[in-house]
Amino acid sequence: MQKLSMDQLQRPSVEAFKVQAKLPVTLVLDNVRSMHNVGSAFRTSDAFALERIVLCGITGTPPHREIEKTALGATQSVAWLHAADTAQAVQQLREEGYRILAVEQAQGSTPLQLFAPAVGQKYALVFGNEVHGVADDVMGLVDACIEIPQSGTKHSLNIAVSIGIVLWDFYTKLHLRVTDSL
């Protein structure tokens, strides 16, 4: 077994990435405190070619040394914007035709493995603060809630890990399903 070189991986340039087709998903970070988690969100969003990230409230924004430490340049490829208020950002995304999904442990949530995203639908995935989760006022605005099943003693996963799990799931259910049928 031999690892692939950077040339063999054939990754697009930043310019090519910006114009390529994107997974119809926008990531919404609701008052995320850790700059490292923000950087990880950028890097994972680049990996799965998301449309954009909306950084809300106190969530840090590029350029920032701690964000770049984990983003490894993904702040240059992934489109992003800052919104002072998460609820207003969610309302705007709804007006743009997005289905709003909170990733949260909540009454009536759907286990991630049972959620079937519709091809052609745009999704906004809301991830909350590391301590308090998705804000209550935002939870009142979502269309549905998806939850990552867990079997251990801890009640939650790190937000960066959660983002990776959920985006991989959406990628396999949307992107790979669409490209396999072509």
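Two residues are in contact here when they have heavy atoms within 4.5 Å of each other. With that in mind, let us walk through this predicted model, beginning in its interior.

**The cores**

Leu27 makes a good starting point. Leaving aside neighbours within four places in sequence, Leu27 is in contact with Ala41, Ser45, Leu50, Arg52, Ile53, Val54, Leu125, Phe127, Ile163 and Leu167. Leu27 also belongs to the largest nonpolar core, which has 36 residues; together with Leu29, Leu125 and Phe170, Leu27 touches the most other members. Which elements give two or more residues to this core? They are the strands β1 (23–30), β2 (50–56), β4 (98–103), β6 (122–127) and β7 (144–147), along with the helices α3 (35–47), α4 (65–71) and α8 (159–180). Helix α8 gives the largest share, 7 residues. A second core, separate from this one, has 17 residues, including Leu93, Tyr98, Ile100 and Val134.

**Arg52, a charged residue inside**

One of the contacts of Leu27 deserves a visit of its own: Arg52, which sits in strand β2. Is Arg52 buried or exposed? Its relative accessibility is 17%, and the limit for buried is under 20%, so Arg52 counts as buried. The side chain of Arg52 has a polar contact of 3.3 Å with the side chain of Thr26. Not counting residues up to four places away in sequence, Arg52 touches Val25, Thr26, Leu27, Val78, Ala79, Leu81, Leu93, Glu96 and Tyr98. Two of these names, Leu93 and Tyr98, appear among the members of the second core.

**The pockets**

Rolling a probe the size of a water molecule over the atoms shows where empty space is left. The table sets out the two largest pockets.

| Pocket | Volume | Lining residues | Nearest the centre | Lining by class |
|---|---|---|---|---|
| Largest | about 720 Å³ | 30 residues | Phe17, Gln20, Asp46, Ala47, Ala49 | 18 nonpolar, 8 polar, 4 charged |
| Second largest | about 410 Å³ | 19 residues | Val103, Glu104, Ser156, Leu157, Ser162 | 6 nonpolar, 10 polar, 3 charged |

For the largest pocket, α2 (14–19), β1, α3, α5 (74–77) and α8 each supply at least two lining residues. Helix α8 provides the largest share of that lining, 5 residues, just as α8 gives the largest share of the largest core.

**Backbone details in the loops**

Most residues other than glycine have a negative phi, and most peptide bonds are trans. A few places in this model go the other way. Ala49, one of the residues nearest the centre of the largest pocket, has a positive phi of about 55°. Ala49 lies in the loop between α3 and β2, and is buried because its relative accessible area is 10%. Asn31, in the loop between β1 and α3, has a positive phi near 55°. Asn31 counts as partly exposed because its relative accessibility is 23%.

Where is the cis peptide bond? It joins Pro62 and Pro63, with omega about -5°. Pro63 lies in the loop between β2 and α4, and His64 has its place in the loop between β2 and α4 as well. With a relative accessibility of 29%, His64 counts as partly exposed. A polar atom of the His64 side chain lies 3.1 Å from the backbone nitrogen of Glu66. For a sense of scale, His64 and Leu112 are 48 residues apart in sequence and 32 Å apart in space, C-alpha to C-alpha.

Terms used. Residues are numbered from 1 along each chain as its sequence is written. This is a predicted model: local features need pLDDT of at least 70, side-chain atom pairs count only at pLDDT 80 or more; totals for chains, interfaces and linings use all residues. Side-chain values use heavy atoms; hydrogens and water are left out. A nonpolar core is a set of buried Ala, Val, Leu, Ile, Met, Phe, Trp, Tyr and Cys residues joined through side-chain atoms within 4.5 Å. Buried means under 20% relative accessible area, exposed over 50%, partly exposed in between (1.4 Å probe, protein chains only). Helices (H or I, at least four residues) and strands (E, at least two) are DSSP runs, numbered from the N terminus. A polar contact is a pair of N or O atoms within 3.5 Å; within protein, one must be able to donate a hydrogen and the other to accept it, and residues adjacent in sequence count only if both atoms are side-chain atoms. On a 1 Å grid over the protein atoms alone, a cavity is a set of points where a 1.4 Å probe fits but cannot get out, and a pocket is an open set with protein on both sides within 12 Å along at least five of seven lines; lining residues have an atom within 4 Å of a point. Grid points are joined across faces, edges and corners, and a volume is the space filled by probe spheres set on the points. Ala, Val, Leu, Ile, Met, Phe, Trp, Tyr, Cys and Pro count as nonpolar, Asp, Glu, Lys and Arg as charged, and the others, Gly among them, as polar.
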